[in-house]
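Subject: Structure for you to look at

Hello,

Please find the structure below, followed by notes on what was found in it.

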Amino acid sequence: MKQLRSYWHTDPKVQKLHDEFAENTLANFYLPFGVAPNFIINGKEYCIPMAIEESSVVAAAAKAATFWSTRGVFKTSVLAMKKIGHVHFTWNGTDTQRLQDFFDRTKSQLFADTEAITRNMVARGGGILDIELIDKTADEPNYYQLKATFDTCDSMGANFINSVLEEFAKTWEREIEADTELTEAEKDVTIIMCILSNYTPDCIVRAEVSCPVDELAADGNGDTFAAKFQQAIRIATIEPYRATTHNKGIMNGIDSVIIATGNDFRAVEACAHTYASRDGQYRSLTQVEVKDGMFRFWLDIPMALGTVGGLTSLHPMVKLALELLGNPNAGELMEITAVVGLAQNFAAVRSLVTTGIQKGHMKMHLLNILNQLGATEEERKTIKAHFENKVVSHQEVIQVFCEMRGIPAPAPQVKK
Ligand code: MEV
């Protein structure tokens, strides 16, 4: 209990907010909230908030940001911003054209019956873009969908979309019952479920960087670096084992911005991995081209983000994060987030094909090891100096620490 209490906010009002974000809240669960400075995106400088526990992620993003700040700088564009939801239902008729005719007769009613829900969104410039009837009977007997596309402006839109879909279902059942052209047998419809899709291939952003190959490496080996980098991306494109780790690195950056800005990282993760498998094989989300002496590296990634609604105006740290970014709209937040994913991947692949990942990774992890050991400030300084130009290994840190204290190093633990 003491432990839980020590994680409560000192201001009871703020604690109450946190208690009410979810059910059965006992305490708050901290993640480091850091910033990666020096990002130049479409000519504007950003210091990007990131919430993540993995020690090297913020450092890697910041390093890539600085690298690109004097080269090609990041360019982005939102390619589309449509979201999708479905009413999944079964229909026991046999002539799909007759269902299509019923849909054509009913479509305007579907729009009309949802006006109370869509009014505010329409006033903000969004709403329901279209509704289609989809025949899925080739995959599942009697299975059809009402597939709707939405523009949810600056909100992620999950509640809006689900409310509209549930209203569609009511209209659909009512109108089919009242229809005078369908036979009684053709009125046999069962709504299975109404839900948005977290796969949003038409809510997608591109982030890219490019520069002359010569500028990639200070030692004049830009060509070698570019060739190795390109090979690494090719491997992540053709080999799902590597693609998974490669994309995990991208998501290190993306998730940390998404968490800091109060968005739904599970939705973005699910969407990214479906997109990475869109041709039937799981592949790299980033792509590279080396052509005519130019290196071009880019990431296309679908993601549904919001800068209004949800936690965005409630969670004090989320508000701060959005302020740090200049209160972006949803499209701008997509761009910023994609850039961090691209930067993260550049930093990881650059390390992998040059120094190896452990040099930087373990350097950042050193503090965690020292904390586990309970090292004093003085001991931390000495041990950090010891590893200044060396790859940190967990075992060697323990050894140096024990030598300093004049205590025997513990025997490696063997699991029984
Ligand atoms: C570690 O969290 C992420 C990396 O493994 C990504 C990668 O291998 O590309 C470094």
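In these notes, contact means heavy atoms within 4.5 Å. Helices (H or I, at least four residues) are DSSP runs, numbered from the N terminus. This is a predicted model, in which local features need pLDDT of at least 70, side-chain atom pairs count only at pLDDT 80 or more, and totals for chains, interfaces and linings use all residues. Residues are numbered from 1 along each chain as its sequence is written, and side-chain values use heavy atoms, with hydrogens and water left out.

Helix pairs

Two packed helices are described by the angle between their axes and the distance between the axes. Axes here are lines fitted to C-alpha atoms over the stretch in contact, and angles run from 0 to 180 degrees between N-to-C directions.

Helix α8 (residues 240–260) and helix α11 (residues 330–353) pack at an angle of about 135°, with their axes 8 Å apart. The two are therefore oblique to each other (under 35 degrees counts as roughly parallel, over 145 as roughly antiparallel, 65 to 115 as roughly perpendicular and the rest as oblique). The crossing of α8 and α11 is right-handed (the near helix is turned clockwise from the far one by less than a right angle; anticlockwise would be left-handed). On the α8 side, the contact includes Arg242, His246, Gly249 and Asn252, and on the α11 side it includes Thr337, Gln344 and Leu352. By class, this contact of α8 with α11 has 8 nonpolar, 8 polar and 1 charged residues (Ala, Val, Leu, Ile, Met, Phe, Trp, Tyr, Cys and Pro count as nonpolar, Asp, Glu, Lys and Arg as charged, and the others, Gly among them, as polar).

α8 also meets helix α7 (residues 222–238): their axes come within 6 Å and cross at roughly 110°. α7 and α8 are therefore roughly perpendicular to each other, and their crossing is left-handed. Ile233, Ile235, Ala236 and Ile238 of α7 touch Pro240, Arg242, Ala243 and His246 of α8. These residues divide into 6 nonpolar, 1 polar and 1 charged.

The ligand

Which residues are around the ligand? They are Glu54, Arg242, Thr245, His246, Lys248, Gly249, Asn252, Ala348, Leu352 and Ile357, where a residue counts if one of its heavy atoms lies within 4 Å of the ligand. Three side chains place a polar atom by a ligand oxygen: Arg242 at 2.8 Å, Lys248 at 2.6 Å and Asn252 at 2.9 Å. Arg242 thus appears in the list around the ligand, in the contact with α7 and in the contact with α11.

Regards

Methods
Polar contact = N/O pair within 3.5 Å; in protein donor to acceptor, adjacent residues only side chain to side chain.
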